[in-house]
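Thank you all for coming; I would like to take you through one model this morning, going through its sheets, its unusual backbone spots and its empty spaces in turn. Please have the sequence and the structure open while I talk.

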Amino acid sequence: MPAFLSYIEVEDFKSYKGKLRIGPLKPFTAVVGPNGSGKSNFMDAISFVMGEKTSSLRVKRFSELIHGASIGQPVKRSASVTAVFKMEDGTEKSFMRSVQGSASEHRIDNMVVTSQVYLNELEHLGINVKAKNFLVFQGAVESIAMKNPKERTALFEEISNSGALKTEYERLRSEMFRAEEETQFSYQKKKGVAAERKEAKLEKEEAEKYHRLKEECAEKQVELQLFRLFHNEKEIENLENTLKKKQHEVDKILKKKEKVDEKLREQKKEAGKLNREYQKIEQDIREMEAEISKKRPTFIKAKERVTHMQKKVESARKSLATARTADEAHKKDIKELHDQLSQVEQAKSAYEANVAGQSQSQGRDVQLEDEQVREYNNLKEAAGKQSARYLQMLDSINRQQKSDQDRLDNEGRKKTDVENKHKQKGHMRDEAQKRVEKLEEHIRTSEAALEDQKKLRADLQSDVGTSKDKIQQIQRELENISEQLGDAKVDKHEVSRNKKKTEIVENFKRLYPGVYDRMINMCQPIHKRFNVAITKVLGKYMEAIVVDTEKTARQCIQYLKEQYLEPETFLPLDYIQAKPLKGRLRNIQEPKNVKLLYDVLAFSPKDIDRAVLFATNNALVCETPEDANKVAYEMDKKTRYDCVALDGTYYQKAGIISGGSLDLAKKAKRWDEKQMSQLKSRKEKLTEELREALKKSRKESELNTVDSQIRGLETRLKYNKNDLVTTKKQIADLEVELQALQNELNLFGPTISDIEKTMATRDQEIQAIKEKMNSVEDDVFANFCEQIGVANIRQYEERELRSQQERAKKRMEFDNQTNRILNQLDFEKQKDTESNVLRWERMVQDAEDKLDAARQTESHQLTEKENDEVQMKKLTSTRINKKLEMDQEEEEIGKARREAGAIAKEVQAAQKQLNSIESKIEQRKADRHAILMQCKMEDIAIPMLRGNMEDITQESTVAGSETGTDSTLNTQQQYERESLITIDYGLLPDSLKDIDDDDIKKTNDKLNRVINELQGTIQRIQAPNMKALQKLYAAKEKLQETNEEFEQSRKKAKKAKTQFEKVKKERHDRFMACFEHVANEIDPIYKSLAKNQSAQAFLGPENPEEPYLDGINYNCVAPGKRFQPMSNLSGGEKTVAALALLFAVHSFQPAPFFVLDEIDAALDNTNIGKVASYIRDKTSSLQTIVISLKEEFYSHADALVGICPDVGECLESKVLTLDLTEYPTNSQAVEREPAGIFPPAPIMNL
């Protein structure tokens, strides 16, 4: 081994307080200890001293590595870890890394160095910090086995250091690709420049020919324009002479017209005055009608209120009489009850006096002495003892008798209560019946009033009708039509544009015989449902103009240019390439209703058949988008078709799909020309209906008043009827309750009778027992009875007892009568009938007062109504008289108007002739301006004696920002300025000057044909490049530059490819050196770990040529099992596979030591023994430090490092070491000899 890790020295690092030396470390050292003791901190110490970052040490800052920092109480401001290696030559080399606050310091052999020097020195020992080839963290074993191929490739690149060339590799590859693209671009550019040079030669020849034709055409154009200007000026001069003569005639007629107009104005002024007076009277009449209409509902309301108040007074008076009757009856009932109560109290007093008298007489008859009383008691006691059995029986029966007596008294009280309730409910029923009578009377009066109001409303509705609903309905329909007209505004503007375009087509037809018309004007769908589909397919060809030949189309285009009109699309029948009609497409059976668009489009004349074929292009129309899709792309596997659905969804055979839209639907409406006119006529009709309905709604306010009164009556009637129903229901409920109470009263009789019968039977039993007791008492009291003079002792006792019972019963009867009368008296007093009488008296008085007020209001409003009607009659009479005066004045005005009209017709006729001449002059001036503008725009050099081409101003630029009068004024100024221009007609031959008016047009057409032929020839040359010579020289120079660029690009690409191949080879060599080594080593290592030669492990690159660009596959075949993916292996098998890969990778550039943290977590005892045995076998070439909690693993180690916690406020780890080389290999020896544990260093206090 090049170096051997002797020990680790920590000072205040994490849980290790103070300075501790962990070691000496053996070739196979095991770290053991309970969970949470600090074993992982030992791993962190090794990682820290080997240069790991803080993110791998489970802390965020360096300061957290100091002992106590986890609880906020660091013991120092620094901590350090030192690793001491023993080199091959026997010397020691130490690596120390310390924390100073928030920074770290690196030392080698106690000398401060930079971090880069520190890491480079570790790499010399074989420790690769980035690849972490010296340690395996807890839980990382299985994740290493489960890495995907790309992650495994990244691991190999890190280990082989080929990843360091990745950036350079990608940069050079991009440069190589870019250089190759530039080379290809330069080559294509070179070919293009060569073609340009060839083209430039041809253009040079065409330009020379084109120049000759242009000069000839320019001469002919000058001749044509001079011809047109000469005859234009000649015609203007003749028209101006005629205009002067006509102007003189018009002046004479105008003077005569002024006199007639003055007379007519005076008459109109007088008529206007009469009309204003008449309108004033009309306004007064309307105001008076409105006032009468306004007062009529108020008068009707006052009249109705008087009627209502009269009925209310009558009803209140009836209610008052009823209340007084009820009050008198109530007072009479209370008086009778007081009389009954006085009679009961008098009877009770008389009875009490009689009882007192009887008691005194009986006391005088039988007065026992004290001695006799004592004897009576003794004898009674003796008799009681002798008749104790009879007493017990008598006592039991008496208790039963007393219980029945209580029941009888209770039933009596219940019967009395029920009788009181029955009487009370009966009284409530009587009151409710009286209320029913009142409500029925009120309902009858309300229904009569309601009937009258409804009759009045019916009369008003006959005038008003259902004007309100009709107005709302008409307004809704008008809104709907306005909305439709709003949607159609676009179409309206489109119609305006179409009108202009129609004028253009008419001009074309007039000028060029071969022009037919626009497609939309010559075609029509056979049914409205095809409108959208046809609109979608025709598209821009809807507005295309069909012409017979290409020549006609070019002439039309030239005309558009001359007149500065918008561009148009032309379809020359001899030029367009129309495909023949595919008749077999008419035989499509599935899906149904598939038709050729050509068949659903009617057109006329038949001469445009070729244009229709071109526009429809054998397109098919289907019912639905699904059918269209099926026909377009699925019906024929070899051929696609253009297919459109009825909703506008268009499937083109090129694969383009476009859907219908709102604009398309609006555009399709153009096929129906009648829609706009129908909407407008309907709108006018509805407007007239709305005007009539508004006239009928003038009495709406009066009708509303009557409706509100009807609603009030209906509401009151509804409440009265509901109250009547409720009261009747209450009476029915009271009847039910009375019947129930009566039934309950009927039940009391049998119950009381049964109790009385039971008590009578028990009285007989008591008498029998008493007779038996009496025989005993008779014997005991025989001598005593003789002494007091009675036949027997019972005669004395019964007399006293009977008298007491009779007195008690009599008193109870008096009390019951008193209570019944008092209860009824309380019930009667609760009814306050007197206040009810007072209340009705106030209501009668209030109603009478309101009736008087209502009558006064009615009288006042009647007087006002009559006064208004008288005033209305006066105004009507005045209006009739004023109307007669107006009619007379109108007759006189009519005469004056007829006279003025005759003169106006003369003026109009003369003015019309004058305007005609002026318009002809203006037209000729406009023609002259158009000719001059054409010359200026087309650079036709017209010879001039005075003026120049700059004096010609374009009309659109002059008047572009002005309208109306200003625009006309600017046009006149423009014509005056152009009239100063004098044309030199010296170049115009005399034969073209002396021509009759009839021959001018023929000569003009002849000259135009000559020019058109020259222009046609020039246009067929296709506007050659007049700078072809310069282009030829430029192409030669450009070709030379392109050749140089191509050579430079080719050299650059070759150089980039050479550099890339060099880096590629170096990266491939580094990667493959590592990969081949690991691939060769992994299978023997896996067999050694599995202890079975049938086990297999193999690595395979996905891209053998450049393996670092793709993944590396890793597969293992466990002993005794078939091949299966790594993810299907068990946890132990994955761990063994991962360890095999780790040991193989470690063997490529082995670090001096290998730290494994609990790699045996998923292994059973057998596999632990195999792994431990493998590590044991490799101790000669590999120093291994393992952290394990399993005895099967650490029992094979050469030394144990025990870490135990010292629990306190902050965890403090203690370290113990044990050298196992001094003991037998039997693992049990460790348990039998625990005394071999010793402290690792004298600096520890244990």
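Let me begin with a question: in which loop is Pro24 found? Pro24 sits in the loop between strand 2 (16-22) and strand 3 (28-32), where helices (H or I, at least four residues) and strands (E, at least two) are DSSP runs, numbered from the N terminus. The bond that joins Gly23 and Pro24 is a cis peptide bond, with omega of about 5 degrees.

Before going on, I should say that this is a predicted model, in which local features need pLDDT of at least 70 and side-chain atom pairs count only at pLDDT 80 or more, while totals for chains, interfaces and linings use all residues. Residues are numbered from 1 along each chain as its sequence is written, and side-chain values use heavy atoms, with hydrogens and water left out.

Strand 2 belongs to an open sheet of six strands, whose order is 2-1-4-5-6-7 and whose pairing is antiparallel; two strands pair if DSSP finds at least two bridges between them. Strand 2 and strand 7 (111-113) are at the edges and have a single partner strand each, so one side of each is left without a neighbour in the sheet. From one strand to the next, the twist averages 20 degrees, with axes taken as lines fitted to C-alpha atoms, for helices over the stretch in contact, and angles running from 0 to 180 degrees between N-to-C directions.

Within this sheet, strand 1 and strand 4 (residues 78-87) run antiparallel and are joined by eight bridges, and Glu9 stands opposite Thr82 in strand 4. Helix 1 (residues 39-49) lies across strand 1, strand 2, strand 4 and strand 5 (92-100), at about 110 degrees to strand 1, contact here meaning heavy atoms within 4.5 Å. In the loop between strand 1 (3-13) and strand 2 you will find Lys14, a residue other than glycine whose phi is nevertheless positive, near 50 degrees.

Now to another sheet, which is open, has five strands in the order 13-15-16-17-18, and shows mixed pairing. Its edge strands, strand 13 (595-596) and strand 18 (657-658), each pair on one side only. Strand 13 runs antiparallel to strand 15 (residues 620-622), and two bridges join them; Leu596 has Leu620 in strand 15 as its bridge partner. Helix 14 (residues 625-634) packs on the sheet and touches strand 15, strand 16, strand 17 and strand 18, its direction making about 175 degrees with that of strand 16. Helix 11 (residues 531-538) also lies across strand 15, strand 16 (643-645), strand 17 (650-651) and strand 18, running at about 145 degrees to strand 16.

A cis peptide bond also joins Ser604 and Pro605, with omega of about 5 degrees, and Pro605 lies in the loop between strand 14 (601-603) and helix 13 (609-616).

That leaves the empty space. The largest pocket has a volume of about 2000 Å³, where, on a 1 Å grid over the protein atoms alone, a cavity is a set of points where a 1.4 Å probe fits but cannot get out, a pocket is an open set with protein on both sides within 12 Å along at least five of seven lines, and lining residues have an atom within 4 Å of a point. Of the 49 residues lining this pocket, the closest to its centre are Arg228, Leu511, Gln563, Asn1004 and Asn1008. Helix 23 gives the most to the lining, with eleven residues.

Why is the largest pocket said to lie between domain 2 and domain 3? Domain 2 (146-195 + 1007-1150) and domain 3 (494-670) both give residues to its lining, so the pocket lies between them, the domain bounds coming from an automatic or database domain assignment.

Notes: Points joined across faces, edges and corners; volume = space filled by probe spheres on them.
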